[in-house]
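What follows is a guided reading of one protein model, taken contact by contact. Keep the sequence and the coordinates open while reading.

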Amino acid sequence: MQMNYRFIPIILISMLLVSVQYVDTASSVGVVPAKIDMSNLLKGSLYIRSIRLFGGEEPVLYNLNATGDIEKWVNFYKDRNLTEPIHNISVFGRQEIIITFTIPEDISNGDYSGKVYAEVSNVGEKENLTGSVVLLVFPVQVSLSVVGVQILTGNVTEIKTRDVEVGQPLSIKVNFLNTGNVIATPIIKVNITRENWPISDFTYLDTDVEVDSRDLIDVQWDTLNRESGSYTASIIVMLGEGVIAEKTLLFDILPRGTFTRNGEIINLSYIGELSEGSTLLIQALFKNTGQVETNTKFIAEVYRNGILDEILEGVENPVVDIQETYLFSTYLKIKNSGKYDVRCYVAYENNKTAVHTLSFNVKGLLENAIPAGIAIVIGIIGIGIIYFLLKRRDIETKKEYISDEGDSKVRKRQKSLRLPWNKRILIAQHRPVGITGKKNKSKKKPKGLRLPWNKRILIAQHRPVGITGKKNKSKKKPKGLRLPWNKRVRIMWGRPEGVTSSKMFVDSKYEPITTKEETIRELSSLNGVSRAKAELLYNSGFNSLEKLGSASVDDLLKIKGVNERFIEDIKDQLKSKMDK
């Protein structure tokens with residue numbers, strides 16, 4: 001199987017374009033999860049789920065929509081406040097999208113399905129743009145099962161607390177899982193005593209938990225102005241009218257300053273392109289290594305060429321629990337080129353972590369354009385060289401022409417008559433056509449066929465055909481099957497005899513390769529040869545009159561149904577035709 005070399009320049013150009021625009025294609029995009037399943041859903045209820053969209057080194061514009069049974073039940077929101085629905089969003093890094101499913105009150109019980117689509121549009125565009133081109137589509141399969149009965153159930157998997165200092169809130173954490181088909185609001189009753197004396201009694205019911213969702217409910221009690229010592233907390237968790245969990249916990253309230261406060265940045269990184277006008281996402285992973293939860297604040301001091309340019313703060317200032325981690329984020333807009341040092345730390349209470357530094361160089365637009373321009377020039381030169389070599393290569397090409405047969409047109413193919421360079425040189429040097437590489441042993445110089453050495457070189461080098469020479473006045477056929485110079489030129493140029501067009505459309509002087517049907521008709525034209533016998537001859541390898549005429553009697557006798565009388569008759573007819 002031979003390779004089609006015509007497509008090589010196209011492939012190389014495509015590779016060049018991909019290599020030049022490596023930044024856009026390096027963007028990592030995607031959606032998780034790929035499937036949402038919900039069962040035991042109640043008519044007229046609202047259910048909430050979320051998906052996560054991923055961007056890359058540049059903002060990625062997502063278009064959001066839904067199809068199927070759920071098309072009119074779905075809304076998309078940027079956060080859990082559910083204030084304003086959205087239809088598209090620009091994602092830099094990653095973004096959580098809240099999806100609400102509003103089950104109609106007038107539908108039948110049963111299973112419903114559909115798909116939520118997140119379509120990636122133009123990379124680097126802003127929100128609310130129209131006319132963008134969709135590049136990728138990420139589907140999320142949704143399956144819903146609707147029932148007509150309200151189910152209110154849930155499980156408490158853990159209730160815990162810990163010692164605190166005076167003035168710090170006591171945190172009682174309840175891990176609750178909603179296993180029903182409606183939103184659940186656990187009722188948490190807390191009774192705090194000290195040495196069997198009642199200190200405080202309160203009820204917490206401010207957390208709504210979505211269907212099939214788990215929530216770590218944080219119930220806090222203020223310890224300001226409380227005495228140091230040991231306390232007891234009795235917790236009862238109720239759902240509706242039933243109690244689903246009970247637990248008694250012991251804890252101490254300690255003097256202020258008992259616990260150590262400490263933390264560290266365990267990872268610092270950035271996402272984005274280092275160029276003028278781009279935006280970097282700086283991320284710092286902080287871990288609370290102290291003995292108490294602490295208030296935190298992320299600070300990034302930006303130095304350009306050694307001079308303080310600006311001070312950035314984290315998007316949020318959270319309270320980080322003991323041995324917990326938190327990923328801080330902030331955005332740096334690169335306005336000018338230069339050497340950047342971003343010194344980052346996390347402030348907590350009256351302390352701060354060790355300073356970690358991100359260092360990088362930003363080149364100007366002109367500096368970035370020069371390597372890309374060099375790559376394009378090198379690629380174009382390389383393509384030109386390869387194309388030139390392919391044009392010089394002796395490859396077998398297939399040409400097409402059309403011949404009319406009655407009312408129908410038959411498309412046929414012929415092979416090029418182009419010869420290898422070494423045989424073309426032999427022809428130019430007056431070697432016989434049946435080239436063997438040996439010298440012409442003929443002692444006599446054929447008349448009128450010999451060309452001057454310089455014109456023979458032009459022929460061998462594929463120079464134009466306009467070469468003049470003396471006409472062949474010899475009436476005798478020269479030895480060695482030597483051809484006139486003009487026919488040798490046509491052979492060297494890969495053209496059949498009588499063909500003058502570079503398109504190689506066959507004219508009446510050139511007999512094209514015939515089809516099986518034509519050959520059988522030609523063989524059947526001989527007297528005594530039926531169509532069946534003509535097919536038998538064709539299938540035995542005698543697919544032309546020339547092959548049949550040059551075949552030996554022994555070869556023809558090997559064909560079933562052929563005798564010597566038939567062979568003699570056929571030979572006589574072929575000889576008569578050749579004489580004519």
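Arg49 is buried, because its relative accessible area is 14% and the cut-off for buried is under 20%. The model is a predicted one, and this value, like the others below, is computed from it.

What does the buried Arg49 pair with? Arg49 forms a salt bridge with Asp212, and the closest N and O atoms of the two are 3.5 Å apart. This pair links distant parts of the chain: Arg49 belongs to strand S3 (residues 46–54), while Asp212 is in the loop between S14 and strand S15 (214–221), 163 residues apart. Asp212 is partly exposed, with a relative accessible area of 39%.

The Arg49 pair belongs to a wider set, since a search of the whole structure finds 15 salt bridges. Side chains of opposite charge can pair when their charged atoms come close. Another of these pairs is formed by Glu313 and Lys297, with 3.3 Å between the closest N and O atoms. Glu313 lies in strand S21 (residues 307–313) and Lys297 in strand S20 (residues 294–304), so this salt bridge ties together parts that are 16 residues apart in sequence. Glu313 counts as partly exposed at 43% relative accessibility, and Lys297 is partly exposed as well, at 31%.

A further salt bridge joins Asp555 to Lys558, where the closest N and O atoms are 3.9 Å apart. That distance counts because the cut-off is 4 Å. Asp555 is partly exposed at 35% relative accessibility, whereas Lys558 is exposed, with a relative accessible area of 68%. Elsewhere, salt bridges with shared partners join Arg162, Lys173, Glu293 and Asp321 into one network.

Strand S14, which borders the loop holding Asp212, is also part of a sheet. Five strands make up this open sheet, in the order S11-S17-S16-S13-S14, and their pairing is mixed. Its edge strands are strand S11 (164–165) and strand S14 (197–204), each of which pairs on one side only. Inside the order, strand S13 (residues 187–194) and strand S16 (residues 229–239) run antiparallel and are joined by seven bridges. Thr193 stands opposite Thr232 in S16.

The aromatic side chains are the next topic. How many aromatic pairs does a search of the whole structure find? The search finds eleven. In one of them, the ring centres of Phe92 and Tyr331 are 5.9 Å apart and the planes are at 50°, so the pair is tilted. Like the salt bridge of Arg49, which links distant parts of the chain, this ring pair links distant parts: Phe92 is in the loop between strand S6 (88–91) and strand S7 (94–102), and Tyr331 is in strand S23 (residues 325–333), 239 residues apart. Phe92 is buried, with a relative accessible area of 13%, whereas Tyr331 is partly exposed at 41%.

Tyr326 is also found in strand S23. Tyr326 and Phe328 form an edge-to-face aromatic pair, 4.9 Å centre to centre and with 70° between the planes. The pair counts as edge-to-face because its planes are over 60 degrees apart. Phe328 is buried, with a relative accessible area of 1%, while Tyr326 counts as partly exposed at 23%. Ring pairs extend this contact into a cluster made up of Phe286, Phe298, Tyr326, Phe328 and Tyr348. Tyr326 also has Lys287 at 6.5 Å, C-alpha to C-alpha, although the two are 39 residues apart in sequence.

Rings take part in contacts with charged groups too. The charged end of Arg343 sits over the ring of Tyr303, at 3.9 Å from the ring centre. Likewise, the charged end of Lys533 sits over the ring of Phe566, at 4.6 Å from the centre.

One last aromatic residue leads to the surface. Phe388 is placed in helix H3 (residues 365–392). Is Phe388 buried or exposed? Phe388 is exposed, because its relative accessible area of 52% is over the cut-off of 50%. Together with Val377, Ile381, Ile385 and Leu389, Phe388 makes a nonpolar surface patch of about 510 Å².

Conventions: Residues are numbered from 1 along each chain as its sequence is written. This is a predicted model: local features need pLDDT of at least 70, side-chain atom pairs count only at pLDDT 80 or more; totals for chains, interfaces and linings use all residues. Side-chain values use heavy atoms; hydrogens and water are left out. Patches are made of residues with over 30% relative accessible area and no salt bridge: like charges are joined within 9 Å, nonpolar side chains (Val, Leu, Ile, Met, Phe, Trp, Tyr) within 5 Å. Accessible areas come from the Shrake-Rupley method with a 1.4 Å probe; for residues, only the protein chains shown count as cover. A salt bridge is a side-chain nitrogen of Lys or Arg within 4 Å of a carboxyl oxygen of Asp or Glu. Helices (H or I, at least four residues) and strands (E, at least two) are DSSP runs, numbered from the N terminus. Buried means under 20% relative accessible area, exposed over 50%, partly exposed in between (1.4 Å probe, protein chains only). Rings of Phe, Tyr and Trp (its six-membered ring) pair if their centres lie within 6.5 Å; planes under 30 degrees apart count as stacked, over 60 as edge-to-face and the rest as tilted. A charge sits over a ring if NZ of Lys or CZ of Arg is within 6 Å of the ring centre and within 35 degrees of the ring normal. Two strands pair if DSSP finds at least two bridges between them.
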